[in-house]
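Hi,

Here's the structure I promised to pass along. Have a look at it first, and my notes follow underneath.

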Amino acid sequence: MGIVKKKIFLKTFLELMSKKIVEMETILKENLGEYSIPERVLTRFCLDEGGILGKAACHTNTIYLDQYLIERYKEYYLKHTFVHEYAHLVVNTIYPGHIKDGVLISDHGIEFRKICQMFGIYGDACSDLEYLSSFPLEQRLVPHS
Ligand SMILES: [Zn+2]
C-alpha cells in the first residue's frame with residue numbers, strides 16, 4: 001500500500017474506531033452508568049509489525065494497535081481486538097489500578113469477561129499473536145485457553 005493510500009486507510013479506520021467507542025459508551029451507560037466510561041481514549045499505532053496484537057495502557061487510556069494487522073484484518077481487528085483493548089480500559093476505570101475490594105484482579109478475569117460480553121465478544125487473552133495467526137479468522141472467534 002502506498003503512503004497516501006495508507007494515510008487515508010488509517011484515517012478511515014480512526015473514524016470507525018471513534019464510532020465504535022460511541023457505541024460502546026452507549027452500552028456502558030445503559031448497563032453500568034456514566035461512571036464506567038473511560039476518559040478520552042487515545043489510539044496509537046505500533047509500526048514495528050508484529051510485536052503485539054493490541055495493547056491497552058490503562059494509566060494513559062491509550063490503546064496501541066498494530067498497523068500491519070489492521071491492514072490485514074480490518075473488520076476482525078475493529079470488532080474484536082480493538083473492543084478487547086477498550087474493555088481493559090473500562091475495567092480499569094471501574095476498578096482503578098485493577099484493585100477490587102483491596103485485591104488485585106486478573107487482566108482477563110471475570111470482571112473483564114463481563115465487560116467483553118456486554119460488547120458482544122469473548123474475553124480471551126490477547127497477547128499471543130503467533131497462536132492467533134495460526135488459525136483462520138473465523139476460528140479465532142472461539143475462545144482459547
Ligand atoms: Zn487482553
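To start with a small one: which residue in β3 is the bridge partner of G54? It's L65. Keep in mind that this is a predicted model.

That pair belongs to a hairpin made by β2 and β3, with four residues between the strands. N61 sits in the turn and has a positive phi of about 55°. β2 covers residues 54-57 and β3 covers residues 62-66; the two run antiparallel and are joined by four bridges. Another of the pairings puts K55 opposite Y64 of β3. As for the faces of β2, G54 and A56 are on the covered one, while K55 and A57 are on the uncovered one.

Zooming out, the hairpin is part of an open three-stranded sheet ordered β1-β3-β2, and the pairing is mixed. β1 (42-46) and β2 are the edge strands with a single partner each, so each has one side without a neighbour in the sheet. On average, neighbouring strands are turned by 20° against each other, ignoring direction.

Now the helices. α3 (residues 74-94) packs on α1 (residues 3-32) at an angle of about 50°, with the axes 11 Å apart. That angle is why α1 counts as oblique to α3, and the crossing is right-handed. α1 brings L16, M17, K20, I21, M24 and L28 to the contact, and α3 brings L78, F82, V83, Y86 and V90. Sorted by class, that's ten nonpolar residues, one charged and no polar. α3 also lies across β2 and β3, running at about 20° to β2.

Cheers

Terms used. Residues are numbered from 1 along each chain as its sequence is written. This is a predicted model: local features need pLDDT of at least 70, side-chain atom pairs count only at pLDDT 80 or more; totals for chains, interfaces and linings use all residues. A residue is buried if 20 or more other C-beta atoms lie within 10 Å of its own, exposed if 12 or fewer, and partly exposed in between; C-beta atoms are placed from the backbone. Two strands pair if DSSP finds at least two bridges between them. Axes are lines fitted to C-alpha atoms, for helices over the stretch in contact, and angles run from 0 to 180 degrees between N-to-C directions. Angles under 35 degrees count as roughly parallel, over 145 as roughly antiparallel, 65 to 115 as roughly perpendicular and the rest as oblique. A crossing is left-handed if the near helix is turned anticlockwise from the far one by less than a right angle, and right-handed if clockwise. Two residues are in contact if their C-beta atoms, placed from the backbone, lie within 7 Å. Ala, Val, Leu, Ile, Met, Phe, Trp, Tyr, Cys and Pro count as nonpolar, Asp, Glu, Lys and Arg as charged, and the others, Gly among them, as polar.
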